[in-house]
Amino acid sequence: MGSTQFGNFGNFCADSTIPICNIFTGSLARGGPGFGSCQLTGIPLANGQHLRNLGSILLCGVAIIISIFLLWRSERKKAAVGRREMQLFLIGYIIVEICEIFTVGGFPLSTNVRLGFTAVHLGAITATLWVLLLNGVVGYQIMDDGTPFSLGLILLSAIAMFIGTGYITLDTALSWTHHFDSSLTYPNRNIGLYVLYQLAPLVFLVLFFLLETYLVLRVLGERKPMLYLIAAVILFAIGQIFEYVISKYICSGTSGKINGALFETLFTLLSVVMIWVFWSSITEDDWPMPVTGGAYT
């Protein structure tokens, strides 16, 4: 395994702005030289500090507002299957976006505070996508949705994901046990975080898509909702392309003013909105109203 790229974050950090890069000693957040040939500088502030990604910060704010609106809209769909579960997903996404302001957005912070936000950010990403996967399971009504048992299972399992990912992140960054110290320097090899932060969320997304595709096409016999689901997948994929492939070219072309993280935030937001639209399109708005011919006596 030592000769493979599996588990290495060094090249990812050189080509993109992902939150996990904050924990490595080469990052600007820890006083290092940074990764890659183009460093995101953004807007210069006092005392040599920089607001590195104002566009992402503003889009995160927009994403939080839109997510709160979708939470409210979900609350109005009283009889919708998986209403509470969808709200849990939106709350998780809000937490991710709040953290992104301080991790990817580059809001000026002390090193330890940024590392703390990074741990919460990575944990929230893994937990939120786990909740999304379980939203795909809820549609099959294996157990009653919205019950304390159903919500409890989702919350407890998501919290376990969050704590596991967050702990490894902090242990790596702060060298609590020194077990992950070798990952602090290039090529930044950390198998645990690679699985929890890179691979597991991707698996969760693929399984969610497969579950919902089968539900819509085979169980519900519908076609139109698939347009929303496919749109969500395409938008998310575009965001990842901006993040991992195009980012370094945008950074170089703008002399470090912006990079692909701005567009990743935008397209991920649009993908989340389409997931909500998809869910809304396959659920009921209200319980059937009883027909009343007159007053009861």
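Which residues form a nonpolar patch on the surface? In this predicted model, the patch consists of Leu155, Leu156, Ile159, Phe162 and Ile163, and together these residues have about 460 Å² of accessible area.

One member of the patch, leucine 155, belongs to helix H5, which covers residues 148-174. Leucine 155 has a relative accessibility of 40%, so it counts as partly exposed. Partly exposed is the class between buried, under 20%, and exposed, over 50%. Valine 206, in helix H6, is placed in the partly exposed class because its relative accessible area is 42%.

| Residue | Helix | Relative accessible area | Class |
|---|---|---|---|
| Leucine 155 | H5 | 40% | partly exposed |
| Valine 206 | H6 | 42% | partly exposed |

Valine 206 is also separated from leucine 133 by 73 residues in sequence, while the C-alpha to C-alpha distance between the two is 8.7 Å.

The interior is described by the largest nonpolar core, which has 63 residues. Within this core, Phe9, Ile20, Phe89 and Leu90 touch the most other members. At least two core residues come from each of these helices: H2 (54-76), H3 (83-103), H4 (111-138), H5, H6 (191-220), H7 (224-253) and H8 (260-281). H4 gives the largest share, 12 residues.

Phenylalanine 89 can be followed further through its contacts. When neighbours within four places in sequence are set aside, phenylalanine 89 is in contact with Thr128, Val131, Leu132, Asn135, Val272 and Ile275.

How values were computed: Residues are numbered from 1 along each chain as its sequence is written. This is a predicted model: local features need pLDDT of at least 70, side-chain atom pairs count only at pLDDT 80 or more; totals for chains, interfaces and linings use all residues. Side-chain values use heavy atoms; hydrogens and water are left out. Patches are made of residues with over 30% relative accessible area and no salt bridge: like charges are joined within 9 Å, nonpolar side chains (Val, Leu, Ile, Met, Phe, Trp, Tyr) within 5 Å. Accessible areas come from the Shrake-Rupley method with a 1.4 Å probe; for residues, only the protein chains shown count as cover. A salt bridge is a side-chain nitrogen of Lys or Arg within 4 Å of a carboxyl oxygen of Asp or Glu. Helices (H or I, at least four residues) and strands (E, at least two) are DSSP runs, numbered from the N terminus. Buried means under 20% relative accessible area, exposed over 50%, partly exposed in between (1.4 Å probe, protein chains only). A nonpolar core is a set of buried Ala, Val, Leu, Ile, Met, Phe, Trp, Tyr and Cys residues joined through side-chain atoms within 4.5 Å. Contact means heavy atoms within 4.5 Å.
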